[in-house]
Amino acid sequence: MLGVVLGNALLWVAALTILKFAQVLHSDSTEAFAWGQTLAWGSGKHPPMVGWVARAWFSVFPTSDWAFYALAMAVTGATVLLIRLLAGEVLDRRRAVLATLLAMIYPILNFKGYKFNPDLLQLPFVVLIVWAYMVAAERRTALWGVVIGLAGAGAVMTKYWGVWALVAIAVASVARPDRNLLFRSPVPYVAVAVFLLAIVSHLDWLYAAGFTPFRYASQYLGPDRGTAARHAMDSTLHAFALLLPPLVAGAVAVLLPRLRRVTAPSAEALDRARQIWIIVAVLAIGPLIAAIALPVRMKSDWTIPLFSLVPLAVLTLPRLAVPLRAVARAAVILLVLGVGALMAAPGLATVKVLFEPSRALSPRLDRLAAIATELWRERVGQPLAVVVGDIEEVATVSFYSADHPRMFSAGAPELTPWISVDTLGRSGFVGICPASAPACVDRITALRPWAERIVVTTERRALGQSLPSDRWIVLLALPEAGVVITR
């Protein structure tokens with residue numbers, strides 16, 4: 001299974017690299033990279049885990065597009081392997097293998113998982129929490145309490161939304177017939193203690209930073225309840241639509257799932273299945289209810305870590321007959337999907353460029369990063385340390401620049417708390433703004449009024465197709481005399 005997961009991941013890395021050859025990386029991914037340039041206990045938007053993982057990954061791999069897609073596929077591959085471990089706790093081997101194959105057909109765990117961001121990184125942590133809980137509830141040892149606590153901390157340190165996985169296992173633990181045995185064991189108390197110990201440094205940073213991530217998240221609060229309900233329903237329907245491929249593949253694999261008489265499961269197996277149903281129900285329904293009740297403007301990306309266990313839950317239905325041939329059919333479907341995507345990628349990329357150039361050709365921030373870095377080195381003779389502007393642009397410049405400078409948000413400095421305005425003014429920086437965004441230029445000019453302005457043009461061109469060139473304002477704020485530039 002490890003070989004199957006690795007081969008599937010490599011197929012999708014190659015397919016994604018080909019499909020997106022005319023585009024730069026999504027800003028969600030490059031933000032994670034930029035956060036990792038400063039190893040702090042948080043960023044202005046989210047807890048620190050996504051930045052830490054990106055920093056660790058790119059200390060080994062080159063800063064190339066394919067390496068970022070490989071990171072995303074490594075996350076989805078880890079999720080698939082954890083689903084196999086979890087499935088082994090609640091299903092027989094045949095169904096467990098089928099659940100794993102169907103997971104690799106789930107779009108979030110292949111082509112829709114191309115963006116490495118906090119929502120994607122939560123996936124393995126959510127599955128790890130559920131697996132650790134299922135094992136801990138049976139063994140009831142302190143060691144598994146430690147695993148739950150660390151997994152829960154990993155989920156919450158990735159994005160606070162990860163608390164839903166902890167809520168789900170808490171509800172499931174209360175619903176257990178043998179809950180008294182579980183709550184008399186050290187598991188829940190060790191889990192809570194380890195969880196708090198693991199996040200205490202982040203909580204200290206959060207207080208010192210004035211709870212900036214919560215202030216950032218507050219932009220999604222406050223719509224009227226009708227609007228909140230519409231967003232919540234749209235997000236949930238989007239999540240269910242993404243479940244159709246693995247569910248349809250599963251139906252084909254077992255010949256339109258025939259509900260027929262099968263060997264009755266043991267009471268123990270049925271109890272484990274009920275636990276999965278409760279956890280999946282809480283993950284799927286709990287956030288929907290909360291979003292409407294608060295109210296919150298829910299985004300579809302928030303559902304990414306919440307629905308990955310639905311195919312597994314379906315396979316726990318006791319009357320669902322799963323013949324051995326279902327595993328072979330699912331494997332064939334997976335192989336056809338992966339190889340087909342790789343073979344079709346060049347043609348699909350070509351068609352997209354030729355017929356949808358406005359979507360296929362993204363602004364060449366990679367070229368802009370090279371120009372800005374070269375201008376700074378010509379003027380200063382040292383590596384570029386800081387790039388300033390709006391986060392979407394400067395995060396991408398940070399990734400593509402050979403110097404990988406830290407980023408500073410001119411419009412919302414609280415989102416980049418690792419740099420102070422005073423330090424920025426002395427050490428100098430490069431400002432980046434679209435020429436069509438005078439407000440961005442004004443914000444950067446306010447930091448250094450005498451910064452040199454240079455107009456830079458980058459072309460959008462591929463396969464003979466071209467779009468109007470993008471114009472940028474690059475502001476060179478040279479360091480003050482005698483200041484030593486440090487990263």
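## Exercises: two residues and two pockets

Lys45 sits in the loop that runs between α2 (27-36) and α3 (49-58). Keep in mind that this is a predicted model. Ready? Let's work through it.

**Exercise 1.** Decide whether Lys45 is buried or exposed, and find the side chain that shares a polar contact with Lys45.

*Solution.* Start with the surface value: Lys45 has a relative accessible area of 11%. Buried means under 20%, so Lys45 counts as buried. Next, look at its side chain. A polar contact of 3.1 Å links the side chain of Lys45 to that of Glu31. Last, check who else is around. Setting aside residues up to four places away in sequence, Lys45 touches Glu31, Trp35, Pro213, Tyr216, Ile391 and Leu415. So Glu31 turns up twice: as a polar partner and in the list of contacts of buried Lys45.

**Exercise 2.** Place Ala151 in its helix, say whether Ala151 is buried or exposed, and list its contacts beyond four places in sequence.

*Solution.* First the address: Ala151 belongs to helix α7, residues 142-158. Then the surface value: its relative accessible area is 2%, so Ala151 is buried. Now the contacts. With neighbours within four places left aside, Ala151 meets Phe125, Leu128 and Ile129. For a sense of scale, hop to Leu324, 173 residues apart from Ala151 along the chain: the two C-alpha atoms are separated by 34 Å.

**Exercise 3.** Describe the largest pocket: how much space lies in it, and which residues lie nearest its centre?

*Solution.* Begin with the volume, about 810 Å³. Go on to the lining, which is made of 31 residues, with His46, Lys159, Ala217, Tyr220 and Trp302 nearest the centre. Then ask which helices help out: α2, α6 (118-139), α8 (163-175), α11 (212-217) and α13 (267-293) each give at least two lining residues. Finally, sort the lining by class, and you get 18 nonpolar, five polar and eight charged residues.

**Exercise 4.** Do the same for the second largest pocket: find how much space lies in it, and which classes of residue line it.

*Solution.* The space here comes to about 520 Å³. Its lining has 21 residues, and those nearest the centre are Lys20, Gln23, Tyr114, Lys352 and Arg359. At least two lining residues come from each of α1 (2-19), α15 (324-355) and α18 (391-400). Sorted by class, the lining holds ten nonpolar, five polar and six charged residues.

Note on methods: Residues numbered from 1 in each chain as written. Predicted model: local features only at pLDDT ≥ 70, side-chain atom pairs only at ≥ 80, totals over all residues. Heavy atoms only, no water. Helix = DSSP H or I, 4+ residues; strand = E, 2+ residues; numbered from the N terminus. Buried < 20%, exposed > 50% of the residue type's maximum accessible area, 1.4 Å probe, protein only. Polar contact = N/O pair within 3.5 Å; in protein donor to acceptor, adjacent residues only side chain to side chain. Contact = heavy atoms within 4.5 Å. 1 Å grid on protein atoms, 1.4 Å probe; cavity = no way out; pocket = protein on both sides within 12 Å on 5 of 7 lines; lining within 4 Å. Points joined across faces, edges and corners; volume = space filled by probe spheres on them. Nonpolar A, V, L, I, M, F, W, Y, C, P; charged D, E, K, R; others polar.
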